[in-house]
Amino acid sequence: MTNATPNDELSVQTSPSPLFKQFALQAAATLVVLSLAWPYFGLRNEPLPWPETALGIGSIAWMLARLTHQPSWWQVIHASFAPLAWAVSLLDIDPAWFFVAFTVLLLFFRGAAHGQIPLYLTNVTTTEALISLLKSSPGARFVDLGAGIGSTIKPICRALPLIKATGIENAPASWLIGWLRTRGFPHINWRMANLWQVSLADFDVVYAFLSPVPMPELWRKIQQEMAPGSLFISNSFAVPGVEADEVLELDDGRQTRLYCYRLPGTANSTIKAESPAE
Ligand SMILES: C[S@@+](CC[C@H](N)C(=O)[O-])C[C@H]1O[C@@H](n2cnc3c(N)ncnc32)[C@H](O)[C@@H]1O
């Protein structure tokens, strides 16, 4: 297992946020194209051809995204943003609807805007694998970091009624749906909170299904806070540079992998990272 160095801490604190980088990239492409197109068509006394301009901005943004090695999904977003914005402008939709759509999206996807952690759900096969894993320690203190709409924590608590489960969610709409779904479960502590501000010291099992982006920082938090012998399970996203103690490969449509990391030391309660089939 690797440990964080002071330089790692420094790089986390000083580098611009990932979202800011993407805004800067799109703005740079827009500036480049407009600063060439406006004088060119202005001097010729012709109106700016918006479809071609939007395509030009999309092409330059895509090139910049490729040159700066952005993830492939960001490359697609950069290439299509300006052309789509132009196409939507033709629909003559009342701007108030964009505000409504933006607000609704933000209520569900707050995590995507702030930390590149969108909402998508653990599937049934994976939830069953988690239940098998937790069966060996039915009274474990379990937390789902970024618990979405409660669709993982609820079946776990239904199958293992002695478990002490906590769900942490910071997107208001997802939190509300999760709260409604978990109301009848007195042993579920359903919290509206930022996962980075929740201490992990009191949990035997920490589960996260987030994205590749927060994994290095999350690992630092886990090492600092989780008790010896406790278990961290990451759905699909491995901690870079750290070998998992166990990787469970599930037989579902997306070939889910559960990366299991045991914190060094002896635990009070023992949770075994065993294959669900065992
Ligand atoms: C990929 S979803 C996983 C949902 C659920 N755990 C599941 O497996 O079905 C990640 C969730 O983390 C939430 N999230 C993102 N950043 C967060 C933060 N800083 N604090 C709490 N929740 C966060 C998102 O809103 C989203 O609901």
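This note goes through the predicted model point by point, from the overall make-up to single residues.

1. Overall make-up. The protein chain has 278 residues, of which 38% are buried. Its secondary structure consists of 9 helices and 7 strands. Where contacts join residues at least 6 apart in sequence, 66% of them link residues at least 24 apart. The exposed surface of the protein chain is about 15,500 Å², and 63% of that comes from carbon and sulfur atoms.

2. The sheet. An open sheet is built from 7 strands with mixed pairing, in the order β3-β2-β1-β4-β5-β7-β6. At its edges are β3 (188-192) and β6 (246-249), each of which pairs on one side only. On average, and with direction ignored, neighbouring strands are turned by 15 degrees against each other.

3. Two pairings within the sheet. β1 and β2 run parallel and are joined by 5 bridges; in this pairing V143 stands opposite T166 of β2. β5 (residues 231-235) and β7 (residues 257-262) are antiparallel, also over 5 bridges. Here S234 has Y259 of β7 as its bridge partner. The mixed character of the sheet can be checked on these two pairs, one parallel and one antiparallel.

4. Helices on the sheet. Helix α6 (residues 124-135) packs on the sheet and touches β1 (141-145), β4 (205-208), β5, β6 and β7. The direction of α6 makes about 30 degrees with that of β7. Helix α9 (residues 215-225) lies across β1, β4, β5 and β7, and runs at about 165 degrees to β5.

5. The largest nonpolar core. This core holds 51 residues, and the members that touch the most others are F142, L145, L218, F232 and I233. Helix α6 supplies the largest share, 5 residues. In soluble globular proteins, nonpolar side chains tend to be buried together. For L145, the contacts beyond four places in sequence are I168, L195, L200, V206, Y207, A208, F209, L210 and L218. One of these, L218, is itself among the residues with the most core partners.

6. A separate core. Apart from the largest core lies another of 6 residues, including A29, A54, I57 and A61. Helix α3 (50-67) also contains T53. T53 is buried, with a relative accessible area of 5%. Beyond four places in sequence, T53 touches V33, L34 and L48.

7. Strand β2 and edge strand β3. In β2 (residues 164-169), 5 of the 6 residues are buried, so the strand is mostly covered. β3 is an edge strand, yet I188, which lies in β3, is buried at a relative accessible area of 9%. Contacts of I188 outside its sequence neighbourhood of four places are I153, K154, C157, A165 and T182. I188 and F142 are 46 residues apart in sequence, and their C-alpha atoms are 9.6 Å apart.

8. Cysteines. The count of disulfides is 0. C157 is buried, with a relative accessible area of 2%, and is one of the contacts of I188. C260 is buried as well, at 0%. Its position falls within the range of β7, residues 257-262.

9. Positive phi values outside glycine. H69 is not a glycine, but its phi is positive, about 55 degrees. H69 sits in the loop between α3 (50-67) and α4 (72-89). Its relative accessible area is 69%, above the 50% cut-off, and therefore H69 counts as exposed. D92 likewise has a positive phi, near 60 degrees, and is a residue other than glycine. D92 is found in the loop between α4 and α5 (95-115). At a relative accessible area of 72%, D92 is also exposed. Both residues lie in loops that adjoin α4: H69 in the loop with α3 on its other side, and D92 in the loop with α5 on its other side.

Terms used
Residues numbered from 1 in each chain as written. Predicted model: local features only at pLDDT ≥ 70, side-chain atom pairs only at ≥ 80, totals over all residues. Heavy atoms only, no water. Pairing = 2+ DSSP bridges. Helix = DSSP H or I, 4+ residues; strand = E, 2+ residues; numbered from the N terminus. Axes fitted to C-alpha atoms, helices over the stretch in contact; angles between N-to-C directions. Contact = heavy atoms within 4.5 Å. Buried < 20%, exposed > 50% of the residue type's maximum accessible area, 1.4 Å probe, protein only. Areas by Shrake-Rupley, 256 points an atom, 1.4 Å probe, with all protein chains shown as cover. Disulfide = S-S within 2.5 Å. Core = buried A, V, L, I, M, F, W, Y, C linked by side-chain atoms within 4.5 Å.
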